[in-house]
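I opened a fresh page for this chain and wrote down what I looked up, one entry at a time.

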Amino acid sequence: LAQMEPDVRICMACGSCTAVCTAGKFEPTSLREAIEAIKNANPDKALQMLESCQLCGKCSMVCPRGINTRHLILSITKIYSEK
């Protein structure tokens with residue numbers, strides 16, 4: 001994932017993305033937890049955390065590191081759903 005999306009390395013897990021997530025108010029959706037699940041070798045949990053994401057882009061707007069979260073979410077989904 002880090003080769004395809006180097007931004008995943010600069011995420012500081014602040015939770016800003018989760019705090020503004022519209023889908024997260026109704027479903028367990030968290031990019032921060034998905035990244036943590038991948039680091040802990042649990043890609044199935046990561047995919048589950050992102051399946052209700054609507055790709056609205058709110059998380060990109062509040063990310064203090066300027067991570068293109070939409071692209072990161074799409075990459076996670078692409079990489080780990082193929083396995």
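**Entry 1: helix α3**

I began on the outward side of α3, where I found Asp44 and Gln48 to be exposed, opposite the buried side of that helix. I note here that I am working from a predicted model. The buried residues that I listed in α3 are Ala46, Met49 and Leu50. These three cover an arc of only 90 degrees around the axis, which puts them on the same side of α3. I then looked up what the buried residues of α3 pack against, and found α2 and α5.

**Entry 2: helix α2**

I turned next to α2, which runs over residues 31–39, and noted Leu31, Ala34, Ile35, Ala37 and Ile38 as buried. Looking down the axis of α2, I saw that its buried residues fall within an arc of 160 degrees, so they line one face of the helix. Among the elements covering the buried residues of α2, I recorded α1 (16–20), α3 (43–50) and α5.

**Entry 3: two residues with positive phi**

I keep a general reminder on this page that most residues other than glycine have a negative phi. Against that background I wrote down alanine 41, which comes just after α2 and takes a positive phi of about 60 degrees. Alanine 41 sits in the loop between α2 and α3, and I entered it as exposed because its relative accessibility is 65%, where the cut-off for exposed is over 50%.

Leucine 55 is another entry of this kind, since it is not a glycine and yet has a positive phi of about 55 degrees. I located leucine 55 in the loop between α3 and α4, the latter being residues 58–62. With a relative accessible area of 31%, leucine 55 is partly exposed.

**Entry 4: serine 75**

Is serine 75 buried or exposed? I placed serine 75 in helix α5, which spans residues 69–81, and its relative accessibility came out at 4%, so I count it as buried, the cut-off being under 20%. Setting aside its neighbours within four places in sequence, I found serine 75 in contact with Leu1, Met4 and Glu5.

**Entry 5: the whole chain**

I left the overall description for the end, and started it by counting 5 helices and 0 strands, which I wrote along the sequence as α-α-α-α-α. The radius of gyration of the chain is 11 Å, close to the 12 Å that the globule rule gives for 83 residues, so I describe the chain as being as compact as a globular protein of that length. Taken along the principal axes, the C-alpha atoms fill a box of roughly 30 × 25 × 20 Å.

I also looked up how contacts are spread along the sequence: of those between residues at least 6 apart, 53% join residues at least 24 apart. Buried residues make up 34% of the 83 residues. For the accessible surface of the chain I noted about 5200 Å², with 52% of this belonging to carbon and sulfur atoms.

My last entry concerns charge, where I have 10 positive and 8 negative charges in the chain, and the mean positions of the two sets are 6 Å apart.

How values were computed. Residues are numbered from 1 along each chain as its sequence is written. This is a predicted model: local features need pLDDT of at least 70, side-chain atom pairs count only at pLDDT 80 or more; totals for chains, interfaces and linings use all residues. Side-chain values use heavy atoms; hydrogens and water are left out. Helices (H or I, at least four residues) and strands (E, at least two) are DSSP runs, numbered from the N terminus. The radius of gyration is taken over C-alpha atoms; the globule rule is 2.2 Å times the number of residues to the power 0.38. Buried means under 20% relative accessible area, exposed over 50%, partly exposed in between (1.4 Å probe, protein chains only). Contact means heavy atoms within 4.5 Å. Accessible areas come from the Shrake-Rupley method with a 1.4 Å probe; for residues, only the protein chains shown count as cover. Lys and Arg count as positive and Asp and Glu as negative; His and the chain ends are not counted. The place of a charge is taken as NZ of Lys, CZ of Arg, CG of Asp or CD of Glu. The arc is that of the directions from the helix axis to the C-beta atoms.
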